[in-house]
Amino acid sequence: MLVVRSIAELALVAVARRQDGSGRDAWDEALRLRELLKFDFFFAQRREFAGELRAELALIDPDGGQVGADVSPDDAQRWLERLRPHVAHLVLRPFLDAYSVVAEQLAAADASEEFDEQQFLVGCLRVGRQWALQRRLASEESVSAEMFRTALKLARHRGLVESDDPTLDKRRRAFADELREARRYVAEIAGIASRETHL
């Protein structure tokens with residue numbers, strides 16, 4: 001259940017930060033995150049998942065619990081401030097950090113060259129260790145061949161590993177952008193949680 005709670009937190013951050021009605025609503029954001037994480041976590045079917053998400057939002061705000069366009073940026077911000085404790089940074093950050101290493105390496109790779117999975121994973125481990133030393137990753141927990149393999153499985157599922165598609169480079173960059181955005185939301189939750197502990 002902490003995974004659904006974590007997704008609810010990130011969806012609220014996404015809604016709270018959208019400008020002038022632009023961007024995804026809470027439900028779309030939750031579905032996007034569910035799709036992103038589906039190779040690491042088992043999720044219920046969409047209808048059951050929606051019920052789980054509503055239940056989590058209802059715990060945050062008993063008068064709320066709406067999933068979709070009904071959650072305004074002001075509501076989302078209010079719910080984030082009311083929420084205790086925040087868990088997304090503890091539950092999802094290691095996975096999203098690992099995915100980001102893979103996404104960035106794919107975006108930097110030459111799409112016209114033959115893909116060598118073993119060599120690619122070795123490169124991810126090297127870059128992951130470097131990022132951990134530079135504190136670009138929250139912890140070394142994300143520097144894991146197993147986590148990188150799962151991220152690569154997601155990328156392959158999206159057709160981002162090997163393809164004759166002329167837009168492959170563009171789609172790889174979009175994948176990296178998607179991970180950067182999710183990591184920004186996690187960092188925001190971590191910041192809120194850190195401020196709470198110092199009150």
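I began with the lining of the largest pocket, whose residues I sorted into six nonpolar, four polar and eight charged (Ala, Val, Leu, Ile, Met, Phe, Trp, Tyr, Cys and Pro count as nonpolar, Asp, Glu, Lys and Arg as charged, and the others, Gly among them, as polar). I note that this is a predicted model, in which local features need pLDDT of at least 70 and side-chain atom pairs count only at pLDDT 80 or more, while totals for chains, interfaces and linings use all residues. Residues are numbered from 1 along each chain as its sequence is written, and side-chain values use heavy atoms, with hydrogens and water left out.

I then looked up which residues lie nearest the centre of this pocket, and found Ala109, Glu114, Phe115, Asp116 and Phe120 among the 18 that line it. A pocket here is an open set of points on a 1 Å grid over the protein atoms alone, where a 1.4 Å probe fits, with protein on both sides within 12 Å along at least five of seven lines, and lining residues have an atom within 4 Å of a point. Helix 7 (residues 117–133) gives the most to this lining, with five residues; helices are DSSP runs of H or I, at least four residues, numbered from the N terminus.

Next I turned to helix 3 (residues 46–60), where Glu52 has its place. I recorded Glu52 as partly exposed because its relative accessibility is 24%, the class between buried, under 20%, and exposed, over 50% (1.4 Å probe, protein chains only). Its C-alpha atom is separated by 8.7 Å from that of Arg5, 47 residues apart along the chain.

Key:
Helix = DSSP H or I, 4+ residues; strand = E, 2+ residues; numbered from the N terminus.
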